Amino acid sequence: MENINEQNENLSAHKIEIHARNRTLISGITNVESATETGAVLYIGKLILILEGEGLKIQKIDVATGDVEILGTIKSLKYSDTKKKGGFLKKLVK
């Protein structure tokens, strides 16, 4: 089991704003693993942010600031730890 210090190392400063479930602004992104009309896999430091929805499209990405704007209907947001292998993330990326 992780202790508090290990948990804090996995957290990176980020912000998520969802406007009417069809416009999402995210800051603190370090990498975009994949993006399709039904899902996106984004890295925030050592965490993975998994978005699921419909009609998703990356409208704007600024690699210098780590800001991403995604249009489309958001159905769910999930966090995952990069230490875990396979599972949900492996199924989503296939």
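**Strand β2 and its place in the sheet**

In this predicted model, Thr 24 of strand β2 sits across from Ile 70 in β6. One place further on, Leu 25 stands opposite Glu 69, again in β6. Helices and strands here are DSSP runs numbered from the N terminus (helices H or I, at least four residues; strands E, at least two), and two strands pair if DSSP finds at least two bridges between them. By that count, β2 and β6 (residues 67-81) are joined antiparallel by four bridges. Residues are numbered from 1 along each chain as its sequence is written. As the model is predicted, local features need pLDDT of at least 70 and side-chain atom pairs count only at pLDDT 80 or more, while totals for chains, interfaces and linings use all residues; side-chain values use heavy atoms, with hydrogens and water left out.

On its other side, β2 meets strand β1 (residues 15-19), antiparallel too, through five bridges. His 19 faces Arg 23 across this pair. Three residues separate the strands of the hairpin, and Ala 20 takes up a positive phi near 55° there.

Zooming out, the chain runs α-β-β-β-β-β-β-α along the sequence. The six strands make an open, antiparallel sheet ordered β1-β2-β6-β5-β4-β3. β1 and β3 (31-35) are the edge strands, with a single partner each, so one side of each has no neighbour in the sheet. From one strand to the next the twist averages 35° (axes are lines fitted to C-alpha atoms, for helices over the stretch in contact, with angles from 0 to 180 degrees between N-to-C directions).

Back in β2 (residues 23-27), what does each face hold? Thr 24 and Ile 26 lie on the covered face, whereas Arg 23, Leu 25 and Ser 27 lie on the uncovered one. In a regular strand, side chains alternate between the two faces of the sheet.

Ile 26 also belongs to the largest nonpolar core, a set of eleven residues that includes Leu 51, Ile 70 and Ile 74. β4 (39-44), β5 (47-62) and β6 each give this core at least two residues. Such a core consists of buried Ala, Val, Leu, Ile, Met, Phe, Trp, Tyr and Cys residues joined through side-chain atoms within 4.5 Å, where buried means under 20% relative accessible area, exposed over 50% and partly exposed in between (1.4 Å probe, protein chains only). Leaving aside residues up to four places away in sequence, Leu 51 touches, among others, Ile 26, Ile 70 and Ile 74 (contact: heavy atoms within 4.5 Å). Across the chain, 29% of the 94 residues are buried.
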